[in-house]
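Please consider the sequence and the three-dimensional model shown here. The paragraphs that follow lead through its loops, its sheets and its ligand site.

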Amino acid sequence: MTASRVLVLNSGSSSLKYQLLDMSRPSPATTLNGAATPHGDDSGSRLASGIVERIGEEGSVADHSEALGVVSKELRARGLGLDSPELAAVGHRVVHGGSRFTEPTLITDEVVAEIEKLVPLAPLHNPANVTGIKVARELRPDLPQVAVFDTAFHATMPEAAARYAIDRATADRYGVRRYGFHGTSHAYVSRATAKLLGKEPSEVNVVVLHLGNGASASAVRGGVCVDTSMGLTPLEGLVMGTRSGDIDPAVIFHLSRVGAMDVDEIDDLLNKRSGLVGLCGDNDMREIGRRMAERDASAQLAFDIYVHRLRKYVGAYSAVLGRVDAIAFTAGVGENSAAVREAALRGLEPLGIEIDAVRNAVRGTVARVVSTETSRVAVAVVPTDEELEIAQQAYSLVRP
Ligand code: ADP
């Protein structure tokens with residue numbers, strides 16, 4: 001028997017999400033609609049998934065070590081224990097790989113130390129990711145563990161896209177450059193889009209719009225990322241649920257000098273109290289839709305600002321790519337909000353983009369084309385699957 005299961009762990013500061021996949025079986029996406037296969041691999045059938053929440057809160061699990069114990073118990077109860085010889089690897093989502101990690105990486109003590117060094121670049125995420133890695137290594141020290149980085153897919157960005165136009169010595173000294181995030185999703189969705197169109201990833205140029213609570217756009221040329229909207233941190237780019245996205249950096253100086261706000265307050269303002277929630281009090285696009293139907297002016301304005309920014313990135317990335325074969329919408333908002341998709345692409349026929357109102361309005365859970373037959377650019381809705389991508393990348397390193 002060959003070990004063919006991969007446990008995917010996504011450790012947040014107070015939560016632990018897991019999925020167990022069997023890589024010897026085809027992925028449901030493949031059997032349903034022939035969706036993407038990184039590394040030419042169609043495998044990955046979900047055996048179990050779940051989440052342990054409120055880690056560290058009173059009356060709940062004390063820490064990540066205990067949380068992994070809960071996961072282990074849940075899996076054992078289903079005959080899928082972590083001590084099983086069928087487990088081939090653990091795949092860990094790690095948010096920031098800096099300049100060092102541009103590929104899925106087999107975890108060693110040295111790799112853990114390097115990920116810890118990147119904490120200043122991702123103070124909210126990397127510490128939790130490291131904790132998840134440490135407890136999983138303690139539980140199964142014999143098992144290969146693989147880190148898959150959110151930044152990795154964007155490492156191919158040319159310098160012209162990755163560098164900020166600031167003093168080079170200062171930028172290099174402090175690692176200030178554009179890294180990009182959601183890379184696992186952008187990689188998966190760009191490939192899935194090629195497959196949906198019956199093409200190889202190398203044959204198509206795709207603009208991927210990952211619109212979840214966090215949101216980012218990417219320009220992918222022939223399977224290679226050439227630009228993305230998030231930067232040094234996930235704050236740059238699109239309007240998000242609670243983040244501002246692009247602003248004039250001088251807003252920060254102004255708030256500091258005139259508003260007497262300190263750095264932590266401004267950080268909190270731009271990351272947690274801005275975006276949709278800052279504009280209208282709600283960060284859920286469903287609620288904003290309901291309020292718009294009742295002619296709520298601030299919900300409408302929040303929607304309009306969100307869509308305006310999205311259109312700017314569609315235009316920018318069309319110019320970056322020159323020829324666009326597809327625009328792919330993914331994640332919570334992208335997969336579910338026909339209104340956002342329609343408003344983002346309305347009136348772009350001169351760019352060869354013709355969304356089909358009827359196709360766009362149909363709800364679905366599989367990858368699908370929502371543009372007209374005559375549209376030069378295919379518009380697609382492509383459900384993302386970051387866990388499957390992580391499992392496939394991890395398995396590709398350890399498979400016999
Ligand atoms: P995360 O970034 O937390 O992984 P998701 O990709 O799950 O987020 O997206 C979450 C967001 O998706 C919610 O905040 C909500 O705005 C949006 N969403 C989910 N379902 C719908 C829907 N049916 N219509 C519009 N928006 C939706």
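Arg 54 lies in the loop between strand S3 and helix H2 (64-77); helices (H or I, at least four residues) and strands (E, at least two) are DSSP runs, numbered from the N terminus. Arg 54 has a positive phi of about 55 degrees although it is not a glycine. Most residues other than glycine have a negative phi. A second residue of this kind is Arg 295, whose positive phi is near 60 degrees. Arg 295 is placed in the loop between H11 and helix H12 (297-321).

The model is predicted: local features need pLDDT of at least 70 and side-chain atom pairs count only at pLDDT 80 or more, while totals for chains, interfaces and linings use all residues. Residues are numbered from 1 along each chain as its sequence is written, and side-chain values use heavy atoms, with hydrogens and water left out.

Strand S3 leads to an open sheet of 6 strands, ordered S3-S2-S1-S4-S6-S5 with mixed pairing; two strands pair if DSSP finds at least two bridges between them. Strand S3 (43-52) and strand S5 (105-106) stand at the edges with a single partner strand each, so one side of each is left without a neighbour in the sheet. Helix H4 (residues 126-139) packs on this sheet, where H4 touches S1, S4 and strand S6 (145-149); contact means heavy atoms within 4.5 Å. The direction of H4 makes about 165 degrees with that of S4, where axes are lines fitted to C-alpha atoms, for helices over the stretch in contact, and angles run from 0 to 180 degrees between N-to-C directions.

The pairings within this sheet can be followed strand by strand. Strand S1 (residues 5-11) and strand S4 (residues 87-94) run parallel and are joined by 5 bridges, with Leu 87 in S4 as the bridge partner of Arg 5. S1 also pairs with strand S2 (residues 16-26), in the antiparallel sense and over 7 bridges. Asn 10 has Lys 17 of S2 as its bridge partner, and a hairpin of 4 residues joins S1 to S2. From S2, 8 bridges lead to S3 in an antiparallel arrangement; here Tyr 18 has Gly 50 of S3 as its bridge partner.

Another open sheet of 6 strands has the order S9-S8-S7-S10-S12-S11, again with mixed pairing. Its edges are strand S9 (224-228) and strand S11 (368-369), each with a single partner strand, so one side of each is left without a neighbour in the sheet. Helix H7 (residues 183-196) packs on the sheet and touches strand S7 (205-211), strand S8 (215-221), S9, S10, S11 and S12. The direction of H7 makes about 130 degrees with that of S7. Helix H14 (residues 338-345) lies across S7, S10, S11 and S12, running at about 150 degrees to S10. Strand S10 (residues 326-330) pairs with strand S12 (residues 378-381) in the parallel sense over 4 bridges, and Ala 328 has Ala 380 of S12 as its bridge partner.

The last topic is the ligand. It is surrounded by 13 residues, the closest being Asn 213, Met 285, Arg 286, Gly 332 and Asn 336; a residue is near a molecule if one of its heavy atoms lies within 4 Å of it. Helix H11 (285-293) and helix H13 (331-336) each supply at least two residues of this shell, and H13 gives the most, with 4 residues. The shell divides into 3 nonpolar, 7 polar and 3 charged residues. A backbone N or O atom of Met 285 lies 2.7 Å from an oxygen atom of the ligand, and a polar side-chain atom of Arg 286 lies 3.5 Å from a ligand nitrogen atom. A polar backbone atom of Val 333 is 3.4 Å from an oxygen atom of the ligand.

Technical notes: Polar contact = N/O pair within 3.5 Å; in protein donor to acceptor, adjacent residues only side chain to side chain. Nonpolar A, V, L, I, M, F, W, Y, C, P; charged D, E, K, R; others polar.
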